[in-house]
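Grab a pencil and work through these exercises with the sequence and the 3D view side by side. Try each task yourself before you read its solution.

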Amino acid sequence: MWFFYVAIVIIGFFSPKLIDKYNRKQKLRTLIKQRAADRKINFEWAKNSFQKLDESRAVEISAKPFEELRNSLKNGEIGPVETLRAFQRKAYESTEKTNCVCFFIQEALEIAENLEHLATDPNYQKPPLFGVPVSIKESIHVKNLDSTAGYAQKINNPSDANSVSVDQLIRLGAVPFVHTNIPIALLSYGCSNGVYGTTLNPLDNSRVPGGSSGGEAALVSLGGSVLGIGTDVGGSIRTPASFCGLAGFKSSSDRSPQLGKTASIPGRQLLLSVEGPIAKNIDVCVEYLRLKWNDPLLYKKDVYMPPVKFQENLYNSEKPLKIGYYTFDGYQTASPAYQRAVRETVAVLKELGHELVPFEVPQPDHMYSIFCAGATADGGLYLMDSLANDIIPPEADIGFPVAKLPHFIQRLLRKYWHHRRERQIIQELPHDTEEMRQMHEKIEDYRHEFVLAMRAKKLDALVCPAFGCPPPHHGMPNKILGANSYPALYNLIDFAAGTVPVTVQKQEDEVELRKMKTEDSWDRRVVTESKNCIGLPVSVQIATPPYREEMCLRLLKQVEAKIGLYSRTH
Ligand SMILES: CCCCCCCC/C=C\CCCCCCCC(=O)NCC(=O)O
């Protein structure tokens, strides 16, 4: 009988909270429905807009690669409004296939019309990106649009101003025209959320397009945009670019504006999210970054950015470099095709006269554990709190179950948890201010250790796999966290890093898979998820220390020119 009374007391105590939570979630579901209705209207608006342009003309315009498009707009062969309509059509078709677009930016039409009007003046000097439509990741602020980062609770909070980067694009003559999809909280290399749904990989719909800039990669891959702007705090530009066969680049944090984007974890200090380009080839990324860094106004709009222009001397240098390489970072065995991509890149760089030497990543277990601690910042409290108050589809899950337990339970499990790598991560998640300070100290120390290891070999740059495995199936990214160690390292140490596709998965790689040693569930899933991927693109990653971005771009360009998967076709 006593049990009955205790149960009544417990239910009585918790029920107001449960009812409150239920009501909150119901409100969020209503908001999601309203958002879906608004989105339908927005898509209808885009359809009306692109139907004003003859389809064959639209196909002709949207088939032009970036440089040709820019030239055609410059010499007046095509106009900004018809170009916008052509890409609206292509983006509409792309989103029908992959659900990559969240919203079409309606102000884009005014911007394009204004450019067209300005161009009627014979004395008008066309800006460098005159009329080029550019796609923008949803978390980057565009005036009058929400940046929800996939949270239903953030619906109906439109940005009151453009981000520094979007404003700059408009100043350079570009036409930001769509907001693209992301995973909830931006902390996944999948691309699912309860507000806009799941984005599919255009090359294999059953697999993720990468994340968190997954909508960008799917859109660019299908030709719905020639230049996409993403953000990266743990691979979110490089991973989707790799999974969709594109080039992607992230600078060190000082060379990216910080104003005007929704951060995955606001207030995170040592791991700053960086904006950067995704495009069909590295030339487009270079051209965008050249324009971006050579714009003196950028450094007035974001006064925290050191005014460092595009360093042509580094980009055009012919000096042979000393480059370290590794096929295994000591944390996650990469699937065979990614290892082969490194070996083939090393051969090309040697052929070009560079000196290549093997490199070992210092303390790999420590490296990825402190990355996870740094990326979540406060032991996961902000993340857990935000997620608990939202709608999370199963395929959008973040982290792993033990990391979500209350801190007092994690403390008990820290020594005994059976999964070694999960245990190492929970050991590093800070649970109080002292551990938080220690976490920052560990990150600083690791950066110094890494730089010393590079200096000991006099290295200018590093080459390694872009990722640990090909795009896994939807719902798998948080179950294979280790595969993210390859891009994450370069956020942890705040280096410049970029990826280019250099090969595709082959039969021989799938045969090699059978020889892979597996220690835990992450390893086993790397193997299972790497099967049946023949023909999917595989990228290599190149990284350089901060302020040597242009050196990294030079190497990416050299590799792409020699073995880039699409260098001849795009
Ligand atoms: C709930 C606590 C869980 C803590 C442990 C989970 C650790 C998860 C940390 C990192 C996830 C790794 C995936 C990262 C994907 C890329 C993220 C990114 O670059 N985002 C871009 C951005 O934030 O702007």
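**Exercise 1. Which residues does UniProt list for "active site", and why can we say they gather at one spot?**

Step 1: look up the record. The unreviewed UniProt entry lists Lys137, Ser212 and Ser236 for "active site". UniProt positions are given in the numbering used here, feature names are shortened, and annotations may be inferred rather than shown by experiment.

Step 2: know your model. It's a predicted one, where local features need pLDDT of at least 70 and side-chain atom pairs count only at pLDDT 80 or more, while totals for chains, interfaces and linings use all residues. Residues are numbered from 1 along each chain as its sequence is written, and side-chain values use heavy atoms, with hydrogens and water left out.

Step 3: compare sequence with space. The three span 100 residues in sequence, yet no two of their C-alpha atoms are more than 10.7 Å apart, so they gather at one spot.

**Exercise 2. Place Lys137 and Ser236, and decide for each: buried or exposed?**

Step 1: find the elements. Helices (H or I, at least four residues) and strands (E, at least two) are DSSP runs, numbered from the N terminus. Lys137 sits in strand β2 (residues 133-137), while Ser236 is in the loop between β6 (228-232) and α8 (238-243).

Step 2: apply the cut-offs. Buried means under 20% relative accessible area, exposed over 50%, and partly exposed in between (1.4 Å probe, protein chains only). Lys137 has 0% relative accessibility, so Lys137 counts as buried. Ser236 has a relative accessible area of 6%, so Ser236 is buried too.

Step 3: check the neighbours. A contact means heavy atoms within 4.5 Å. Leaving out residues up to four places away in sequence, Lys137 touches several residues, including His179, Glu216, Ser212 and Ser236. With that same exclusion, the residues Ser236 touches include Lys137, Ser188 and Ser212.

**Exercise 3. Describe the largest cavity: what is its volume, and which residues are closest to its centre?**

Step 1: get the rule straight. On a 1 Å grid over the protein atoms alone, a cavity is a set of points where a 1.4 Å probe fits but cannot get out, and a pocket is an open set with protein on both sides within 12 Å along at least five of seven lines; lining residues have an atom within 4 Å of a point. Grid points are joined across faces, edges and corners, and a volume is the space filled by probe spheres set on the points.

Step 2: count and size. There are 4 cavities of 30 Å³ or more, and the largest has a volume of about 470 Å³.

Step 3: read the lining. Of its 31 lining residues, Leu187, Thr376, Ile398, Gly399 and Leu481 are the closest to the centre. From the "active site" set, Ser236 is part of this lining. The largest share, 5 residues, comes from α13.

Step 4: sort by class. Ala, Val, Leu, Ile, Met, Phe, Trp, Tyr, Cys and Pro count as nonpolar, Asp, Glu, Lys and Arg as charged, and the others, Gly among them, as polar. That gives 18 nonpolar, 11 polar and 2 charged residues.

**Exercise 4. What is the volume of the second largest cavity, and how does its lining divide by class?**

Step 1: the volume is about 80 Å³.

Step 2: of the 14 residues lining the second largest cavity, those closest to its centre are Lys137, Leu186, Thr231, Ser264 and Ser273.

Step 3: the lining of the second largest cavity divides into 3 nonpolar, 7 polar and 4 charged residues.
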